[in-house]
Amino acid sequence: MLYLLRIKLIESEIELIISDGRNLYHLFDSFWDNALVTLKTKMHAYYYPQEPAVQGEAPTRSTVTTDGLLKLGVEYYRLEEGQDVDSQIDTFSSERGYSNRDVVNISPQSFGESYAEKLAIFFQEHIHEDEEIRLILEGSGFFDVRDKKDQWIRIALEPLDLIVLPAGIYHRFAPDEKNFTKAMRLFKDLPKWTPINR
Ligand SMILES: [Fe+2]
């Protein structure tokens with residue numbers, strides 16, 4: 001039996017959440033595509049208007065599924081709600097060989113006068129020699145990644161969303177209108193964050 005749980009207008013798209021009694025599914029109905037993805041997620045990824053816009057090319061808002069992200073090497077995980085975060089991260093870290101972690105608090109309060117300067121650094125398009133793993137603990141924010149055609153995909157993350165960006169993918173980070181992101185960063189060895197700007 002199929003239950004329709006919610007219809008919500010998100011910008012120019014219609015979000016439908018339906019259930020088969022056991023699982024939740026997220027149905028995005030847009031002019032550009034129809035994507036049915038299992039929903040254990042608050043994550044929403046979509047093509048982001050290019051900057052500057054390429055002449056003659058209409059901006060797109062089409063949704064990118066978790067499978068679409070995976071084709072770029074971007075892995076998305078959703079931690080279980082109501083379960084201990086540290087023990088879930090312990091399991092994840094040991095499976096992937098990560099031994100270190102820290103927590104970063106990105107907000108005007110934490111960075112003070114250097115907030116704008118820090119955001120400019122985070123928003124500078126860059127790559128790393130290693131993969132980048134981030135778990136959103138509180139707040140929210142955007143990771144933008146380039147697809148294989150150099151188009152921006154914006155990935156909106158909320159608490160319990162975990163993203164793995166592969167080494168060598170161009171990306172950047174931006175807060176949303178809340179200006180608050182508390183995130184855990186996982187490292188294989190000592191904490192290191194060396195961006196190679198484009
Ligand atoms: Fe980065």
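Leu-160 sits in the loop between strand 12 and strand 13. Strands here are DSSP runs of E with at least two residues, helices are runs of H or I with at least four, and both are numbered from the N terminus. Phi of Leu-160 is near 80°, a positive value in a residue other than glycine. Is Leu-160 buried or exposed? Leu-160 counts as buried because 21 other C-beta atoms lie within 10 Å. The cut-offs are these: buried means 20 or more other C-beta atoms within 10 Å of a residue's own, exposed means 12 or fewer, and partly exposed lies in between, with C-beta atoms placed from the backbone.

This is a predicted model, in which local features need pLDDT of at least 70, side-chain atom pairs count only at pLDDT 80 or more, and totals for chains, interfaces and linings use all residues. Residues are numbered from 1 along each chain as its sequence is written.

**The chain as a whole**

The protein chain has four helices and 16 strands. It holds 198 residues, and 15% of them count as buried. Two residues are in contact if their C-beta atoms, placed from the backbone, lie within 7 Å. Take the contacts with a separation of 6 or more: residues 24 or more positions apart account for 65% of them.

**Positive phi values**

Leu-160 is one of several residues with a positive phi. Asn-179 also has one, although it is not a glycine. Asn-179 lies in the loop between strand 14 and strand 15 (181–187). Asn-179 counts as partly exposed, because it has 15 C-beta neighbours inside 10 Å. Asp-150 belongs to the hairpin of strand 11 and strand 12, which has five residues between the strands. Gly-97 follows helix 2.

| Residue | Place | Phi |
|---|---|---|
| Leu-160 | loop between strand 12 and strand 13 | near 80° |
| Asn-179 | loop between strand 14 and strand 15 | about 55° |
| Asp-150 | hairpin of strand 11 and strand 12 | near 70° |
| Gly-97 | after helix 2 | near 75° |

Helix 2 itself covers residues 85–96. Its twelve residues should span 16 Å at 1.5 Å a residue, and its end C-alpha atoms are 16 Å apart, so the two agree. The expected span is 1.5 Å times one less than the number of residues.

**The nonpolar core**

A nonpolar core is a set of buried Ala, Val, Leu, Ile, Met, Phe, Trp, Tyr and Cys residues joined through C-beta atoms within 7 Å. The largest one has 19 residues. Ala-45, Phe-143, Val-145, Ile-155, Leu-157 and Ile-163 have the most contacts inside it. Strand 5 (44–47), strand 10 (132–139), strand 11 (141–146), strand 12 (152–157) and strand 13 each give two or more residues to this core.

Which residues does Ile-155 touch, not counting those up to four places away in sequence? They are Met-43, Ala-45, Phe-142, Phe-143, Val-145 and Ile-163. In strand 12, Ile-155 shares a covered face with Ile-153 and Leu-157. Trp-152, Arg-154 and Ala-156 form the uncovered face.

**Strand pairs around the core**

Two strands pair if DSSP finds at least two bridges between them. Strand 12 is joined to strand 11 by six bridges, and the two run antiparallel. Strand 5 and strand 12 also pair in the antiparallel sense, over four bridges. Ile-155 is the bridge partner of Ala-45. Ile-155 is also the bridge partner of Phe-143.

Strand 11 has four bridges to strand 14, again antiparallel. There, Phe-143 has Phe-173 as its bridge partner. Side chains alternate along strand 14 (residues 171–174). His-171 and Phe-173 point to one face and are buried; Arg-172 and Ala-174 point to the other and are not.

**An open sheet of five strands**

Five strands form an open, antiparallel sheet in the order 7-13-10-15-8. Strand 7 (75–78) and strand 8 (100–106) are the edges, each pairing on one side only. Neighbouring strands are turned by 20° against each other on average, direction ignored. Those axes are lines fitted to C-alpha atoms, for helices over the stretch in contact, and angles run from 0 to 180 degrees between N-to-C directions.

Strand 7 is joined to strand 13 (residues 161–165) by four bridges. Tyr-77 stands opposite Leu-162 in strand 13. Tyr-76 is in strand 7 too. Tyr-76 is partly exposed, because 19 other C-beta atoms lie within 10 Å. Leaving aside neighbours within four places in sequence, Tyr-76 is in contact with Met-43, Thr-66, Leu-69 and Ile-163. Tyr-76 and Thr-66 are ten residues apart in sequence and 6.7 Å apart in space, C-alpha to C-alpha.
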